Amino acid sequence: TSSVLSKDKDKSAVSKDSSPEGAAKRQEDGAETPKQKLLDVIGGMKVEVSYRKKLQQLKASENKKQAMNKLEGPDSEGSVPQGITERGKPLNPELVKAASAVASSLPRDKKQTESELLAQLRRHEETTDKQKKGRTINIRNVISEMTIKRQSPAQRGVRISGRISLQLDEDGQRIRRERSSAQSMDSRSLKVGKRLNIFTKASTEPEHALKTVSSPTIWDLEFAKEVAAVTAQPPRNGFEEMIQWTKEGILWEFPIDNEVGMEDDAEFHEHIFLDKHLEGFPKEGPIRHFMELVICGLSKNPYLSVKQKVEHIEWFQNYFEEKKELLQEI
Amino acid sequence: MAVAALCWALRAARQVLPSPCPGQVRSYYVDWRMLRDVKRRKIAYEYADERLRINAIRKNSILPKELQEVADKEIAALPRDSCPVRIRNRCVLTSRPRGVKRRWRLSRIVLRHFADHAQMSGIQRAMW
């Protein structure tokens, strides 16, 4: 459904939400249920400096609730991919209800707050749609405009939510909230302004793609070799000479490790008890006798790996199978 | 056949050292006898396992004699250069077949030359 989709978009666009908007939104979402539940929900939450995570969590829980409550199961799934083209103008009736509930719960001008909240919702959905299309910079401007112009209802919302939380939360959290609210209201320059797009993923990905295509040219390799040859100065002293030799592999690494290059992960019992590989052979007769001797010799051999020993036995198996006709004549 | 040998010789001849080291850079084997010795070593390495296993069947008192005769014929059918007996430890620098000290893989003349110029680590003129 559009609401589910908008909520999903909200999650991604949350990073661009300014704090007062986030606070107002939280109020709407919390107030969908009666006021008691609103207070419980807000009181149950811990006050964080960043409202974004909060909003995400709330939206996630909201999504779950709405998904459960929605009777139009198949329709919602079908409309999700189509919802990309849907505009946010016909707001979800549930959101409208939420806005009216919030407005009714607030002590001040109910109709004005309700209209303002709905207007903010609409704008929010517009911004999420724009972000979906990929025009991030415009949304930035839009949000910056919104924060500058529409300060009063947002501020009011923040104060009210602060009041509600102040009644229920502990002292430590109250102090944190005040500090964070002061920060967000006074230093507007933090979140307002054009983004430089230095660290966005979308701009760096095509560069990587180009690099991987053009790297393995012969001329690049030759250039790299030349650079390495030029920069590799002759060693100034014996230590540097020894370092160079160690890198090349001429000199061993000290302290000497006897097991360098030898990665035998097999346990000792795999080396010694090789009877299980003898299953393909006849149980009696000279061949069995011969193979038991072979196994005895292999178990005493510390130089071969388990794989080599198994190959040895398998070779004998193949050999004797080829000579089966000859053996049966005897 | 001749073409194959020629290709092999060319490949062997292209033994250029990658790093620029001071001293002699040898891009060829010293002579054809040395090259043949190199070939024999390679083929002997490839067939070493098989030879070992077939010989294990041959030098056996448990298995029936018919099987051992068959193994005899099989090992005779392997390429002649695969037997390790044909390898000769030649001098690495001069390809001299006789008078080669095993530890240094050098003939006595070359060894004496380098030792006198103090280019062999740990070798000293004996005096007692």
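These are my notebook entries on chain B, its contact with chain A, and a surface patch on chain A.

**Entry 1: the model**

I am working from a predicted model. I kept that in mind for each entry below.

**Entry 2: chain B, its elements**

I started with the secondary structure of chain B. I counted four helices and two strands. Reading from the N terminus, I noted the order α-α-α-β-β-α.

**Entry 3: chain B, burial and contacts**

Next I looked up burial. Chain B has 128 residues, and 26% of them are buried. I then checked the accessible surface of chain B, which is about 10,000 Å². Carbon and sulfur atoms hold 55% of that surface.

I also asked how far apart in sequence the contacting residues of chain B lie. Among contacts with a separation of 6 or more, 39% join residues 24 or more positions apart.

**Entry 4: where chain A meets chain B**

I turned to the interface. The size of an interface is often given as the accessible area lost when the parts come together. Here chain A and chain B bury about 1,400 Å² between them. Of this buried area, 79% is on carbon and sulfur atoms.

Which three residues of chain A supply the most buried area against chain B? I found A:Phe290, A:Trp315 and A:Tyr319, with 38% of the area that chain A buries there.

I also looked up the residue counts. Chain A brings 15 residues to the contact, and chain B brings 15 residues.

**Entry 5: polar links across the interface**

I searched for charged pairs next. How many salt bridges are there between chain A and chain B? I found one. Its partners are the side chains of A:Lys323 and B:Glu74, at 2.6 Å from N to O. For polar contact between chain A and chain B, I counted two residue pairs, both at pLDDT 80 or more.

I then asked which helices make up the chain A side. Helix H15 (286–299), helix H16 (306–322) and helix H17 (324–329) of chain A each supply at least two residues that touch chain B. H16(A) gives the most, with six residues.

**Entry 6: a nonpolar patch on chain A**

Last, I looked at the surface of chain A. A:Phe239, A:Met242, A:Trp245 and A:Ile250 form a nonpolar patch of about 440 Å². I took A:Trp245 for a second look. A:Trp245 sits in helix H13 (residues 238–248) of chain A. Is A:Trp245 buried, exposed or partly exposed? I noted A:Trp245 as partly exposed, because its relative accessibility is 34%, and partly exposed covers the range between under 20% (buried) and over 50% (exposed).

Terms used:
Residues are numbered from 1 along each chain as its sequence is written. Chains are lettered from A and ligands numbered from 1 in the order in which they are written. This is a predicted model: local features need pLDDT of at least 70, side-chain atom pairs count only at pLDDT 80 or more; totals for chains, interfaces and linings use all residues. Side-chain values use heavy atoms; hydrogens and water are left out. Patches are made of residues with over 30% relative accessible area and no salt bridge: like charges are joined within 9 Å, nonpolar side chains (Val, Leu, Ile, Met, Phe, Trp, Tyr) within 5 Å. Accessible areas come from the Shrake-Rupley method with a 1.4 Å probe; for residues, only the protein chains shown count as cover. A salt bridge is a side-chain nitrogen of Lys or Arg within 4 Å of a carboxyl oxygen of Asp or Glu. Buried means under 20% relative accessible area, exposed over 50%, partly exposed in between (1.4 Å probe, protein chains only). Contact means heavy atoms within 4.5 Å. Buried area is the accessible area (1.4 Å probe) that two parts lose on being put together, summed over both. A polar contact is a pair of N or O atoms within 3.5 Å; within protein, one must be able to donate a hydrogen and the other to accept it, and residues adjacent in sequence count only if both atoms are side-chain atoms.
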